[in-house]
Amino acid sequence: MSDQNTKINFKKLDQSGRLEALAALGQPSFREKQISEWIYRGAESFKDMTNIPGALREKLDEAYSLPSLCVRTVQQSSDGTRKYLLGLPDGNSVECVLMRYEYGNSLCISTQVGCAMGCSFCASTLGGKLRDLEAWEMLDEYLVCGKDSGLRISHIVLMGIGEPFDNYDNLCEFLRRVHWPPGEGLSFRNITVSTCGIVPKIRRFAEDFPQVNLAISLHAADQAEREALMPVAKAYPLEELLAACKEHTEKTGRRMSFEYTLISGKNDSPEDAKRLASLLRGMLCHVNLIRLNPVAETDYESSDRSRALQFRDYLESHGVPASIRRTLGQDIDAACGQLRKKQGGAQAK
Ligand code: SAH
């Protein structure tokens, strides 16, 4: 008797796993490409794969499953931003945000169910990390949102729930899969990975994926201030982090971005702007200032608009390119992890 639970998830297999599985069924290697192409096209059953012989389709269907993520909720903002709550096969859920820009459509995807990093202003980490997402699940976020919206998604930012560098191997496999030319063939240059600053992985990533853009969540230019906001700063102090960033730029030649969430009275003073400018001066970088999206469970407040402008102007006039990120989707629980929490998607006890 075969049912979904006794079958092996075919999407979980990487290319060599798929080749092996098909070789065991006496199949030539080109079948792997044919089947994988169907998966990129969103096939939910082997039965849909019309260029595969019927007998093989049946054999595959007996032994393997093709699960996919499901759309639980879509919230559409007045500015065109769409926020998705996607259901995973184990009942958990994650969020994606699809944003429309002049240069194309960009999808912000999640890398973990919850997050272990503990940043004090972030909703994603409140229930801790439940598990890592697998490479196929991250790819499915992209495929499912593309299919549901009917939009061609040209850019990906890994800035949703989770810390990408705390799920390094799955992240790398996802990047290979989304780049695979017969599938989506997304250019590495159109992908940005955001990290809270896990130094050894920043170094490794420069070797493994020099064409992928890197964003560093900095949020403070002072060690004590950063530690108070981000526990990861204790393990990887600012000095080490900045050294790794400089190495990354030297190795890749790519402009790095620094995310700096402005929190009223915590990191938004003229002194803070001055420290940040002297920390980053001379680096090939751009600072993205984000006004905090307040999270109900914390006391933090967003800096007001004039403070944010002052902060930006100081950086710009001291040789550090900076912009205030346009806040898209403010009317739809835009801050990371808020929708998942609200819908009880965390499933944490
Ligand atoms: N873990 C990765 C990626 C996920 S968070 C990282 O830390 O970079 C994506 C970005 O959103 C990070 O810069 C994070 O610090 C920021 N962020 C989290 N909660 C926020 C909030 N409530 N308001 C504004 N930015 C927030």
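**View 1. Polar contacts of the ligand with S194, H219 and F121.** An N or O atom in the side chain of S194 is 2.6 Å from an oxygen atom of the ligand, a polar contact being a pair of N or O atoms within 3.5 Å; within protein, one must be able to donate a hydrogen and the other to accept it, and residues adjacent in sequence count only if both atoms are side-chain atoms. This is a predicted model, in which local features need pLDDT of at least 70 and side-chain atom pairs count only at pLDDT 80 or more, while totals for chains, interfaces and linings use all residues. Residues are numbered from 1 along each chain as its sequence is written, and side-chain values use heavy atoms, with hydrogens and water left out. For H219, a polar side-chain atom lies 2.6 Å from an oxygen atom of the ligand. A nitrogen atom of the ligand lies 3.2 Å from a backbone N or O atom of F121.

**View 2. The shell around the ligand.** The ligand is surrounded by 18 residues, each with a heavy atom within 4 Å of it; the closest are E163, S194, S217, H219 and N293. By class, the shell divides into eight nonpolar, eight polar and two charged residues, with Gly counted as polar.

**View 3. K7 and D61.** K7 lies in the segment before β1 (8-9). Its relative accessibility is 16%, so K7 counts as buried, the limit being under 20% with a 1.4 Å probe and protein chains only. The side chain of K7 reaches the backbone oxygen of D61 at 2.7 Å.

How values were computed. Helices (H or I, at least four residues) and strands (E, at least two) are DSSP runs, numbered from the N terminus. Buried means under 20% relative accessible area, exposed over 50%, partly exposed in between (1.4 Å probe, protein chains only).
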